[in-house]
Amino acid sequence: MAQSSVTREVLNPSGGAGGTFAVLHTEASPGWGGQEIRILEETDRLLARGHRVLIACQPQSRILPEARKRGLECRAVRMRGSFDLLAMGALRRIIRRDKIDIVHTHSSIDSWLALGTKFLGVPVVRSRHVSIPVHKDPVRTFVYRHISDVIITSGETIRQMILASTGVSPEKVVSIPAGVDLQKFRPDNSGESVRAEFGIGSSSPLVGIVGMLRGSKGHEFFVRAAEKVLVKAPEARFLVVGDGSRREGVTRLVRELGLQQKVILAGYREDIPEVMAALDILVLASVRTEATSQVIPQAYATGKPVVATQVGGIAEVVMPGATGVLVPPRDVGALAQGILTLLEDSDLARRMGEEGRKFAEQHLSIEKMMAATETVYRNLLAQRAPKKLSS
């Protein structure tokens, strides 16, 4: 039986610009990476601020058990495609039953599915986490122009890309880079347990790459750069932290180059603060797409310098000569030289680490990220006019 039309204020009297509100994060991707981790971090922080937050995700996704491990409220929704009417109906029921004030989408499929929520008078926020270009045709840009009320990008580079490709008004797109927990990632953290686990002494420089092993992250270039660095710095060790579809290929390359004793594949780990503390240098070798990155702020907060490629929004957070070294993507020689520059000049590396910590404190704290995100939500709720619900 159809529900009688009622105003949204009656359905959800707790929502509003001045009080607490309820957010539904949707994530159709089954994978695991910085995007999913950011959703969990935002959920944790919103809950700590007194709001109610739910996550709707695929039944077989990685984010579902990770969210439940944290005690977060989740709804398993099978999202088969952009126009999955069953999924749209499931999301509508969640919004009604849980009195959701804001829907925040994170991937392509769930952003299209948010079309089904527009008739409920619920504002939609669309996050764009990656620097993959958006095609300019009207169908591809429909999500940004007509479904999303606000678009949050993880950096200014991506914001400019969205503006250029979708034609939406500048005030509709907000850049909010990933933030870092400055209490969890600290210069006085100890990485001794990580070094001891892999038999790396304090006299051996440790260079690491942290992230999912997928093609866009450039792990093969990191390994080949390690081979070149070892010619001049044979005492160095290299740590690959993460797992993913390219693990077998990276393992094979390490073996082909005879680097089994120098390059360590540590797999997926949750002790990232200790990993960062164990490193002397963090490398980001992305080749195709990258936001402003989550691992760079983590390295900065721990007082570590960075060698990174000029991809996506990385140049927004790496200041050459001040907090790290920027090199062209896919350039093994330049990547190796960037690492050697810091290995051979410990004073420079230390100064860059100190500047990185200052930069993180001033610009990249998770508190700043959440304050900006909450402002987006509150502005949307303040602008929302009373609307009728239809069944």
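This section describes a parallel sheet and the salt bridges of the predicted model.

The strand arrangement is considered first. Six strands form an open sheet in the order β10-β9-β8-β11-β12-β13, and their pairing is parallel. The edges of this sheet are formed by β10, spanning residues 263-267, and β13, spanning residues 324-327, each of which pairs on one side only. On average, and with direction ignored, neighbouring strands of the sheet are turned by 20 degrees against each other. At the β13 edge, the adjoining strand is β12 (residues 306-309), which runs parallel to β13 and is joined to it by 4 bridges. Within this pairing, Thr309 has Val327 of β13 as its bridge partner.

Attention then turns to the charged side chains. The structure contains 28 salt bridges. One of them connects the side chains of Glu197 and Arg269, with an N to O distance of 2.8 Å. Glu197 belongs to helix α8 (residues 192-197), whereas Arg269 is located in the loop between β10 and α11 (272-278); the pair therefore ties together parts that lie 72 residues apart in sequence. The two partners also differ in their solvent exposure class. Arg269 has a relative accessibility of 14% and is classed as buried because this value falls under the 20% cut-off. Glu197, in contrast, has a relative accessible area of 47% and is partly exposed. The loop that carries Arg269 follows β10, an edge strand of the sheet described above.

Other salt bridges are formed within a single helix. In helix α10 (residues 247-256), Arg252 and Glu248 are 4 residues apart, about one turn of the helix, and their side chains meet in a salt bridge of 3.8 Å, N to O. Arg252 is partly exposed at 38% relative accessibility. Glu248, at 60%, counts as exposed because its value is over 50%.

Helix α14 (residues 346-363) provides a further case. Asp347 and Arg350 form a salt bridge in which the closest N and O atoms are 4.0 Å apart. These residues are 3 positions apart in the helix, so that about one helical turn separates them. Both ends of this bridge are partly exposed, with relative accessibilities of 44% for Asp347 and 43% for Arg350.

Salt bridges also occur in a linked arrangement: Arg52, Glu73, Arg75, Arg97 and Asp98 are joined in a network.

Key. Residues numbered from 1 in each chain as written. Predicted model: local features only at pLDDT ≥ 70, side-chain atom pairs only at ≥ 80, totals over all residues. Heavy atoms only, no water. Pairing = 2+ DSSP bridges. Helix = DSSP H or I, 4+ residues; strand = E, 2+ residues; numbered from the N terminus. Axes fitted to C-alpha atoms, helices over the stretch in contact; angles between N-to-C directions. Buried < 20%, exposed > 50% of the residue type's maximum accessible area, 1.4 Å probe, protein only.
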